[in-house]
Amino acid sequence: MADHHTALSPDNLRRRCDSAALGFSTTDELEPLERLIGQERAIEAIRLAAGMRHRRFNLFVYGPEGSGRHSSVVRLLEEAAAARPVPADWVHVHNFDAPDRPRALRLSHGAGPKFRKAMAELVDDLAQGIPALFESEEYQSRRAAIEEEFGNRNEKTFSGLAQRARERGVAILRTPMGFALAPTRAGEVQKSEVIEKLPEAERDAIRANVAQTQTELSGFLESLPRIEKEHRAAIAALNAEMAQQVVDLNLADLRVEFAGITVLEAHFDALRRDLIANAELFLKAGNQSGDGPFPIAPARVHDTPRFHRFAVNVMVSHAEDATGAPVVVESLPTLANLTGRVEYMQQMGTLVTDVTLIRPGALHKANGGFLVLDARRLLTEPFAWDALKRCLETAEIRIICAGDRLGLSTTATLEPEPVPLDLRVALVGDRFLHRLLEAHDPEFSQLFTVTAEFGPDMDRDEESMTLFARQVAAVVKGEGLRPVTADGVAALIECASREADDREKLSLELSRLWDVLREADHRADENSAAMIDRDHIEGAEAARLRRTDRVAERVQEMIARGTMMIATRGSVVGQVNGLTVASLGAARFGWPARITARVRLGGGQVVDIEREVKLGGPIHSKGVLILTGYLSTHYLPEMPLSLWASLVFEQSYGGVDGDSASVAELCALLSALAGVPLTQSFAVTGSINQQGEVQPVGGINEKIEGFFDACSGQGLTGRQGVLIPRHNVDNLMLRADVIAAVADGRFQIHAINHVDQALELLTGLPAGTRGLGGEFEPGTVNANVEARLLYFAATRRDFGRSAATTAEQRDDD
């Protein structure tokens, strides 16, 4: 059954790129290609989301890190945004009817700053015009007439009261405490002792006159607040009349400048009423402007807090000559950065705010266009994800601070009027986040209906390599690097295939490849080279690996010193070298692991020691159960499996998962059953199915190189090598030193399809097939295995009979 032509030639170990076939000498001869290659499906999805106007067609983009997701999304959205109209300006103004709820006004693009400037000039003009008007001769004369009128009115009333009191013989005296009444005779105030000596009838008349005068005086005093109110009303009416002249005069210019904007007409009406009613604010400003050696410039009066009620807060604006819609990338999507916030300033020990302290968020800035967010950062910011969903659901931007959500805010704040929202959101994340949101957030699928997946690789063919070379040319041109020779591009293409773990593919995780290119440019600079060639590319790649392989070196050191017990010579029954691979950040490396098996008579149990101690993962446990199934059905299928076996990764103190060692584990188990030693010069990797077929595994290059390094540390003999699944041949992109060792006959790599091929290579014996009689050929590995299992079955049967006979004899006794 075994195919003896399993050894791979050096040509099968790495797919070289022929630089002559690329059709150029250096990248200077190529037209740079700015767009991504190999991501047509994702680009189609992004363009769909960018073109759809329905608000549910928001976009979620995911793919490997370094695949160009973010930059591609931004570039494609910018292309779509260029064809969209420029959004309107949005401003917040004071709400004169509800001061805690500022109004949001929509203006044509470019009008927001003009409106703000016009309002500031209006306030500054009124700060000069109103005080000047109130100091005018007309105002002063009219004010004096009112003062004189009310003054004469009070004086006339009091004079009549005093005259009537004198006629009654009562004097009205002014005292520091107010008014006092005293009886008089012949114009002289009479003392109380004199009054007491008068006849009773005369005293009664005096008391009556005093009481009547007291009543009239009380009436007069009670009328004074009403008269004063009338006085103030008259002054206020005069002030309003005079202020109205200035306000109407200045507002007329604004009404003309912003004619036709409906929302401003209502605001101007409310503004007019408030300006007239609060004209004294401008009088105070006028009085203060001349005080002190450094008077306040009237032109900057609008900056003082008391005039912020008349200010215009431009939340978002676009220049008049702007084209297209905005594309905003928010790198820190906090709640405040998304929806905006209300800031505060300290005055007299308290925190206060006004309309000018409302700050826009990314949603305001991107309104009418596109907003790009990092999904992971968004989900880790408190309240940000919920706020974004709420805004998308309601199609409006409502500013709510985190303190309000938590119920911690006790300071009076503002609730700005919501701004209508019309934009497309693009979340950039990974597959895990996308599935997590789909599974646990029912609103997600309703709001983000378009998914763009960036693939990890693309086919490696003539067309794709040409496009890849043009992308290299684009990076070289864009970053000012040295030109790359065709041989250098070929080396970079080989790096891309190695990154893809497939020689028939090119990795699309381009950021790593561009980092290699940049480092190669640095090495070329150090060598005073005019161009980047293969040596620079391979040197940069080797240096990158060297920077991250300290752990791998330590593992190989432990193997060489015997601390980690790995044999690369000799033969041992029930022992084989498996291969494992680990990823530590950017570093990925492989190393051999000793796998041993022990067997004895039993009830058909194969013990996975890793699983028993909870170090084995579910996939590894599945692999052990599969090889148990193969063992049970391939040998003595009509008889019960009568063995007890144990399998273990020796010197393994961490978790073990994956089924890539199941072929090695089966070989160790069959070796223990057959009593046939396995050569330790080979390491084995591959998973197995219940038919005994060897299936491909991951990390094949790192595993081969890890065992090669272990063998090199102990000395290459020419007999050492690795058995890999034949379906992994297309994944081989091995290091140059491994290929050289194979070419020199110092190392071997065999590709196998079936476990029988592994047994033959490891034992040097034929695996054996069943003949016409249904039995394996004598002297083969499989024949020895079946004989041992038959012995176990017979022994178990005999043991069972003996035990039954003994039990019957005990019953008879």
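**Exercise 1. A strand and its partners**

In β16, which residue is the bridge partner of Leu-59? Find this residue in the predicted model, and then describe the surroundings of strand β16.

*Solution.* Step one is to look up the pairing, where the bridge partner of Leu-59 in β16 turns out to be Ala-426. This bridge belongs to a parallel pairing of strand β1, residues 59–62, with β16, and four bridges hold that pairing.

Step two turns to another partner, since β13 also pairs with β16 in the parallel sense, over five bridges. Here Asp-374 stands opposite Val-428 of β16.

Step three asks how far the strand is covered. Arg-424, Ala-426 and Val-428 point one way from β16, while Val-425, Leu-427 and Gly-429 point the other way, and all of them are buried. Because six of the six residues of β16 (residues 424–429) are buried, the strand is largely enclosed by the rest of the structure.

**Exercise 2. A strand with two faces**

Which residues of strand β8 form its covered face, and which form its uncovered one? Add the strand to which β8 is joined.

*Solution.* Begin with the faces of β8, which spans residues 327–330: Val-328 and Glu-330 make up the covered face, and Val-327 and Val-329 the uncovered one. Then follow the bridges, four of which join β8 to strand β13 (residues 370–374), with the two strands running parallel. One residue of the covered face can be traced across, for Glu-330 has Leu-373 in β13 as its bridge partner.

**Exercise 3. Residues far apart in sequence**

How many residues separate Thr-6 from Ile-752 in sequence, and how far apart are they in space? Decide also whether Thr-6 is buried or exposed.

*Solution.* First place Thr-6 in the chain, where it lies in the segment before α1 (40–51). Next compare the two separations: Thr-6 and Ile-752 are 746 residues apart in sequence, yet from C-alpha to C-alpha they are 6.2 Å apart in space. The contacts of Thr-6, leaving aside neighbours within four places in sequence, are Arg-726, Ile-749, His-750, Ala-751, Ile-752, Gln-757 and Leu-761. Finally, Thr-6 has a relative accessible area of 2% and is therefore buried, the cut-off for this being under 20%.

**Exercise 4. Nonpolar cores**

Which residues have the most contacts inside the largest nonpolar core?

*Solution.* As general background, nonpolar side chains in soluble globular proteins tend to be buried together. In this model, the largest nonpolar core has 59 residues, and those with the most contacts inside it are Leu-22, Phe-468, Val-472, Trp-514, Leu-517 and Ile-537. Taking Leu-22 as an example, and not counting residues up to four places away in sequence, we find that Leu-22 touches Cys-17, Met-465, Ala-486, Val-489, Ala-490 and Ile-493. Apart from this core lies another one of 48 residues, among them Ala-593, Val-599, Leu-641 and Leu-647.

**Exercise 5. Pockets and a cavity**

Which element gives the most to the lining of the largest pocket, and how do the lining residues divide into nonpolar, polar and charged?

*Solution.* Start with the space itself, which is about 1200 Å³ in the largest pocket. Of the 41 residues that line this pocket, Arg-498, Glu-541, Leu-545, Glu-705 and Arg-735 are the closest to its centre. The element that gives the most is α19, with seven residues. Sorting the lining yields 12 nonpolar, seven polar and 22 charged residues.

The second largest pocket holds about 440 Å³ of space. Its lining has 26 residues, and those closest to the centre are Thr-580, Trp-591, Phe-649, Gly-655 and Val-656. The lining of this second largest pocket consists of 12 nonpolar, nine polar and five charged residues.

Last come the cavities, of which a search of the whole structure finds three of 30 Å³ or more. The largest cavity has a volume of about 50 Å³, and its lining comprises six nonpolar residues, two polar ones and no charged ones. Leu-636 is one of the residues that line the largest cavity.

**Exercise 6. Backbone angles in two loops**

Where do Asp-501 and Leu-636 lie, and what is the phi of Asp-501 and of Leu-636?

*Solution.* Asp-501 sits in the loop between α17 and β19 (505–507), and although Asp-501 is not a glycine, its phi is positive, at about 60°. Leu-636 is found in the loop between α22 (618–634) and β24 (643–649), and Leu-636, also not a glycine, has a positive phi of about 45°. To finish, check burial: Asp-501 is buried, with a relative accessible area of 19%, and Leu-636, at 14% relative accessibility, counts as buried as well.

How values were computed. Residues numbered from 1 in each chain as written. Predicted model: local features only at pLDDT ≥ 70, side-chain atom pairs only at ≥ 80, totals over all residues. Heavy atoms only, no water. 1 Å grid on protein atoms, 1.4 Å probe; cavity = no way out; pocket = protein on both sides within 12 Å on 5 of 7 lines; lining within 4 Å. Points joined across faces, edges and corners; volume = space filled by probe spheres on them. Nonpolar A, V, L, I, M, F, W, Y, C, P; charged D, E, K, R; others polar. Core = buried A, V, L, I, M, F, W, Y, C linked by side-chain atoms within 4.5 Å. Buried < 20%, exposed > 50% of the residue type's maximum accessible area, 1.4 Å probe, protein only. Contact = heavy atoms within 4.5 Å. Pairing = 2+ DSSP bridges.
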